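The following exercises concern one annotated residue and the enclosed spaces of a protein model. Each task is followed by a worked solution.

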Amino acid sequence: MFQSPQAWVPAESRARIEEIARTHLGEGDPTAGDHGPETSAATPMAAVVDRIEDLVAASDRLHDEETFNLNPASNVLNPRAAALLSSGTGSRTSLGYPGDKYEMGLEHIEQIEVITAELAARLFHASFAEVRVPSGAMANLYAFMATCAPGDTIIASPATIGGHVTHHAAGAAGLYGLRTVDAPVDVAAYSYDLDALAALAREVRPRLITMGGSLNLFEHPVAKVREIADEVGAHLLFDAAHVCGMIAGKQWANPLDEGAHLMSMSTYKSLGGPTHGLLLSNDAALSERIDAIAFPGLTANFDVSAVAALGVTLADWIETGEDYAARMRACAAVLARSLAEAGVQPFECERGFTDSHQFGLLAAPFGGGTTAARVLERAGFLTSGIGLPVPEIPGDQNGIRIGTPEIVRRGMEVADMPRLASLIARALTAGGDSGAKSAGDAEAGVAGTAGTPAEATLDEIAAEVSAWRREFTEVRFTA
């Protein structure tokens with residue numbers, strides 16, 4: 001390898017990185033020249049390009065033919081949006097405001113910028129939409145920079161209710177020099193304890209309070225938190241990365257309408273758009289600051305093809321979003337209930353399992369969230385671990401996150417949920433008996449995956465899942 005060993009990376013990951021490099025690139029350097037010995041073990045670059053294309057094709061088969069994606073952190077694009085991502089606009093610069101670009105030949109691109117921003121503002125009831133931001137994490141950083149200075153304190157969701165790393169020390173907030181204090185949690189509501197939050201805010205005097213996270217089960221009390229923010233002179237940011245589909249589809253109230261100063265999001269989860277970000281506001285002063293952070297600040301040039309794909313995505317939501325969001329919500333409710341009936345317990349608070357497109361499963365009976373997710377992958381289901389406000393599991397997550405955005409967009413209906421739940425329950429039960437590794441682990445050379453009755457059961461489930469998956473080939477809810 002030409003990269004030095006990265007001591008800060010976990011040993012298992014370092015070994016995997018080295019194995020991938022050796023497998024696809026060989027040991028030598030055909031361009032070494034005077035810098036080192038040329039060896040026949042190096043893979044020719046034409047073959048490397050072939051391998052990259054093969055890996056992309058294999059990933060597409062995995063997601064489009066072989067598995068059901070139940071991970072609410074990803075989704076499938078409208079094919080027309082996907083085509084735009086590979087267009088020539090992706091390599092074109094677009095520095096400056098529409099009508100005042102620094103380079104020539106941008107008269108079409110600047111129209112894409114304006115159309116997409118206008119669609120975002122219309123869909124989310126905003127007076128300002130920043131569409132150039134490349135990710136949800138960067139959207140959060142822009143929000144932090146617009147509202148805070150290094151050294152300031154913010155209050156954010158803890159990991160027990162899905163708080164995202166970007167709001168904490170290891171993410172954008174910490175890298176910008178902010179001090180994050182965990183918001184107090186009302187486990188029964190799976191949200192903030194409002195009385196305790198008000199007391200905490202008076203004590204720490206935050207410049208910003210944030211809401212939202214990686215798992216959202218019920219609507220958050222945005223208006224009441226805005227009152228608390230006003231009392232201490234703080235701004236309120238709602239991170240809608242996961243619930244922007246519920247908001248766009250009018251299943252949940254719009255946080256901007258409820259009083260949030262800013263709403264950030266990534267656009268590829270429940271929204272089903274490109275890997276990109278979006279930041280919205282109705283506050284004129286904050287909007288001006290964010291615009292300056294984007295240009296001439298941190299964004300400058302940006303991926304125009306992603307902005308074009310986002311425009312198509314937003315048009316889809318304006319045309320069909322209410323139906324899409326309602327079906328996601330209904331399928332999540334039935335899937336959670338069906339899993340409970342099959343003996344797999346969802347996390348439950350006083351309001352039930354969920355009123356959104358996602359929910360959590362208690363992972364302790366299956367060895368932990370990531371452990372269970374690997375078993376489910378082996379059986380043909382893509383999920384992830386998540387933190388829940390229940391006892392911790394040493395070395396693993398205590399929850400499994402399940403979501404319905406992609407399976408609904410692919411054509412699944414409420415009537416399919418009991419069968420889906422039965423397969424998931426069978427896989428988790430078998431996996432708990434075997435400790436089997438995922439298919440990906442098997443390919444990586446990790447301990448064997450064949451031979452036991454439990455592992456044979458997982459293989460049988462995977463075959464049934466793959467055959468069923470091929471019945472859902474379309475992409476619905478397009479303009």
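**Exercise 1.** Locate the residue that UniProt lists as "modified residue: N6-(pyridoxal phosphate)lysine" and describe its surroundings.

*Solution.* Step 1: the unreviewed UniProt entry gives Lys 269 for this feature; UniProt positions follow the numbering used here, feature names are shortened, and annotations may be inferred rather than shown by experiment. The model is predicted: local features need pLDDT of at least 70, side-chain atom pairs count only at pLDDT 80 or more, and totals for chains, interfaces and linings use all residues. Residues are numbered from 1 along each chain as its sequence is written, and side-chain values use heavy atoms, without hydrogens and water.

Step 2: Lys 269 sits in the loop between β11 (262-266) and β12 (277-281); strands are DSSP runs (E, at least two residues), numbered from the N terminus.

Step 3: Lys 269 counts as buried because its relative accessibility is 8% (buried: under 20% relative accessible area, 1.4 Å probe, protein chains only).

Step 4: with neighbours within four places in sequence set aside, its contacts (heavy atoms within 4.5 Å) include Ser 74, Asn 75, His 242 and Pro 405.

**Exercise 2.** Which residues line the second largest cavity, and of what class are they?

*Solution.* Step 1: the lining comprises His 63, Thr 67, Phe 68, Asn 69, Glu 406, Ile 407, Arg 410, Met 412, Arg 469 and Phe 472. A cavity is a set of points on a 1 Å grid over the protein atoms alone where a 1.4 Å probe fits but cannot get out; lining residues have an atom within 4 Å of a point.

Step 2: by class, four are nonpolar, three polar and three charged (nonpolar: Ala, Val, Leu, Ile, Met, Phe, Trp, Tyr, Cys and Pro; charged: Asp, Glu, Lys and Arg; polar: the others, Gly among them).

Technical notes: Helix = DSSP H or I, 4+ residues; strand = E, 2+ residues; numbered from the N terminus. Buried < 20%, exposed > 50% of the residue type's maximum accessible area, 1.4 Å probe, protein only. 1 Å grid on protein atoms, 1.4 Å probe; cavity = no way out; pocket = protein on both sides within 12 Å on 5 of 7 lines; lining within 4 Å.
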